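Me: Got a two-chain thing open here and I'd like to talk it through. Can you put it up and start with the contact rule you're using?

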Amino acid sequence: MGRKLLTEHINVEGIHTFDVYRKHGGYASVEKALKTMSPEEVVEEVKASGLRGRGGAGFPTGMKWSFLAKPEGKPRYLVCNADESEPGTFKDRYLMEKLPHLLIEGMITSSYALGARTSYIYIRGELLYVLRILEKAIAEAYANGFLGENILGSGYSLDLHVHPGGGAYICGEETALLESLEGKRGNPRNKPPFPAVWGLYGCPTVVNNVESIATVPWIITNTAAEYAKFGIGRSAGTKLISAGGNINKPGVYEIELGVPVEEFIYSDEYCGGIWKGRDMKAVIAGGSSVPILPKELILKTAAGEDRLMTYESLSDGGFATGTMLGSGGFFVMDDQTCIVRHTWTLARFYHHESCGQCSPCREGTGWMEKVLHRIEHGHGHMHDIDLLVSVAKQIEGNTICPLGDAAAWPVAAAVRHFREEFEWHVKHPQAATAPGAVFNKAESVLA
Amino acid sequence: MAEIRRYLSHYPADRQKSAILPILHIAQAEFGGWVSPEVMDKVAEILNIQPIEVYEVATFYTMFNLKPVGKHVLEVCRTGPCMLRGSDQLIEHLENRLGCKVGETSADGNFTLKTVECLASCGTGPMLQVREQFYENLDAASADQMLEDLKALTVRKPWEENY
């Protein structure tokens, strides 16, 4: 059983309340940081821990902090990205719902490090019920002197607010999130300038994922050196994995980075194997944007090594034979899954969520959805399959924000690894559109 | 208005437009689950901005209903991870039960059926959302029970007592 750094007390009765959370060591990092450390020392500690952004990109959190500009006379902001919308990902929701004070503690300690006097948690609008949980916890933190003026007599003051979104995946992109927080449409900004220089209201801003911020208290309380003992190499620490799809035990698991993928899928400690006694067909390991991998490539790398739950191992082989850890949205497809239909739902998602600002994404996501719909519903042509690849290629890298890439990769990867299944849909439209029909490789070879 | 003032206090005095999304949520809950042009104009007045600034925001974000809806809006997740766990079947079941298609309102005016994209509930799909409540791990029986419960429910607003 791996050590839990974030979720050790998550099932303690009443842990969502200030008193119980405090009794279990909560807010120790605020005391330690504000009373014994300078803001720079907190930044250095997070840097030394090796913590990488848990939202999906995996950029080192401490380094992101160190880029923050500090001009005279301008406020600085910390904004927590709680716009968790990447299909397959539900860890932040779980963490905020169960341990609201952990995020608040992380926000206070991190805001202190960055010199922010007002901080925001931007939560997706669909999670208004979680917003109420957070607001209740924030009120408790104010009442106990951990927020507001002169926290713990340190002279440091902080206000913390929760801001709801309105239903837009794109607002998980940090500059779209800032536009949205300013009361506008969530259109991503051109970078540079980066938010570290020109962020919220034109002021230097750091945007961090919920899980990243929730990891800061453990690092500060227990030191970076202790944190770095967990995980493997540049994949330090633990990671929350949202496990879903056709498995026996869906849920959020905190794993030490480095657990073998095979163990994660089949052990009873985690996913508990494939449901209904079926075989596994494919996995999307890091949220819907990352490339899908067939069973043989998710369990072993192309070189035949065991695939591990780390940033490096999952991306081994590049996109030809690898994928990404991403947000840790890990969902498994059984052998009864139609890859074409599944890919179509993802393409539809990205078309729906494209903000419409860049033509390649606005038009390209629409075309991919249409072409996939056509193939799935028995009207596809053979050249449609290459058309998908071509459209994906023309979106990738040609947009202001990464939504274009995120839309292109899953489609390109599905064709890369499951081309036969797409061809089968085109060649046998009647069979493919029969209720419950699923491509069967063995039978297809015979036919 | 107390709830609106509370949100306005979260943003700098010269950045009150930031409160637009929170206020639209409040307005939608207050006025029967949708925001009419009149309601949007009122939001603009509160924020001291042009009405177009509210329209462009309300039309961008999918949570705001711009047409009248039934007493309850069923927002069913249809994205990949929920599809793997049976969202197609759930949508079909609800269409049959309600006698209306996705995007329509049932004849008795109780339910508007909508599909939405991923609601961060992939481990507990298929699922749907009604206002702030998630209904998860749904099958035909539990979905039917939910419909019965909702029919009998008195809708309260989050800032009201007894919510």
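Reply: Sure. Two residues are in contact if their C-beta atoms, placed from the backbone, lie within 7 Å. With that rule, residues 24 or more positions apart account for 71% of the contacts in chain A with a separation of 6 or more. In chain B the share for residues 24 or more positions apart is 53%.

Me: What kind of model is it, and how does the numbering go?

Reply: It's a predicted model: local features need pLDDT of at least 70, side-chain atom pairs count only at pLDDT 80 or more, and totals for chains, interfaces and linings use all residues. Residues are numbered from 1 along each chain as its sequence is written, while chains are lettered from A and ligands numbered from 1 in the order in which they are written.

Me: How many helices and strands in chain A?

Reply: Chain A has 20 helices and 11 strands. Those are DSSP runs numbered from the N terminus, helices being H or I with at least four residues and strands E with at least two.

Me: And what are the spans of its C-alpha trace along the principal axes?

Reply: About 75 × 45 × 40 Å. For chain B, the C-alpha atoms fill a box of roughly 50 × 30 × 30 Å along the principal axes.

Me: What share of each chain is buried?

Reply: In chain A, 56% of the 447 residues count as buried, and in chain B it's 38% of 163 residues. The cut-offs: a residue is buried if 20 or more other C-beta atoms lie within 10 Å of its own, exposed if 12 or fewer, and partly exposed in between, with C-beta atoms placed from the backbone.

Me: OK, the interface. How many residues touch?

Reply: 44 residues of chain A are in contact with 35 residues of chain B. On the chain A side, α7, β3 (159-164), β7 (238-245), β11 (329-334) and α15 (339-353) each give two or more residues. The largest share, six residues, comes from α15(A).

Me: What's the split by class on that side?

Reply: The side of chain A that touches chain B has 15 nonpolar, 21 polar and eight charged residues. Here Ala, Val, Leu, Ile, Met, Phe, Trp, Tyr, Cys and Pro count as nonpolar, Asp, Glu, Lys and Arg as charged, and the others, Gly among them, as polar.

Me: Switching to chain B. Why call α2(B) largely enclosed?

Reply: Because nine of the 11 residues of α2(B) (residues 20-30) are buried. Among them are I20(B), H25(B) and Q28(B). The buried residues of α2(B) pack against α7 and β3 of chain A, together with α1 (2-8), α3 (37-47) and α4 (51-60) of chain B. Just after α2(B), G32(B) takes a positive phi of about 75 degrees.

Me: How do α2(B) and α3(B) sit against each other?

Reply: Their axes come within 11 Å and cross at roughly 140 degrees. Axes are lines fitted to C-alpha atoms, for helices over the stretch in contact, and angles run from 0 to 180 degrees between N-to-C directions. That makes α2(B) oblique to α3(B); angles under 35 degrees count as roughly parallel, over 145 as roughly antiparallel, 65 to 115 as roughly perpendicular and the rest as oblique.

Me: Which residues meet there?

Reply: I20(B), I23(B), L24(B) and A27(B) in α2(B) meet V39(B), V43(B), I46(B) and L47(B) in α3(B). By class that contact has eight nonpolar, no polar and no charged residues.

Me: Is there a helix pair in chain A you'd set beside that, and which residues make the contact?

Reply: Take α5(A) (residues 91-98) and α7(A) (residues 128-143), which pack at about 40 degrees with their axes 9 Å apart. The contact is made by R93(A), M96(A) and E97(A) of α5(A) and V130(A), I133(A) and L134(A) of α7(A). That contact has four nonpolar, no polar and two charged residues.

Me: Backbone oddities next. Where are the cis peptide bonds?

Reply: One joins K191(A) and P192(A), with omega about -5 degrees. Another joins P192(A) and P193(A), with omega about 0 degrees. P192(A) is in the loop between α8 (174-181) and β4 (205-209) of chain A.

Me: And positive phi in a residue other than glycine, which ones?

Reply: Y27(A) has phi near 70 degrees, and A120(B) has phi of about 60 degrees. Y27(A) lies in the loop between α1 (18-23) and α2 (28-36) of chain A, and A120(B) in the loop between β2 (111-116) and β3 (128-130) of chain B.

Me: Buried or exposed, those two?

Reply: Y27(A) is buried, with 23 other C-beta atoms within 10 Å. A120(B) is buried too, with 28.
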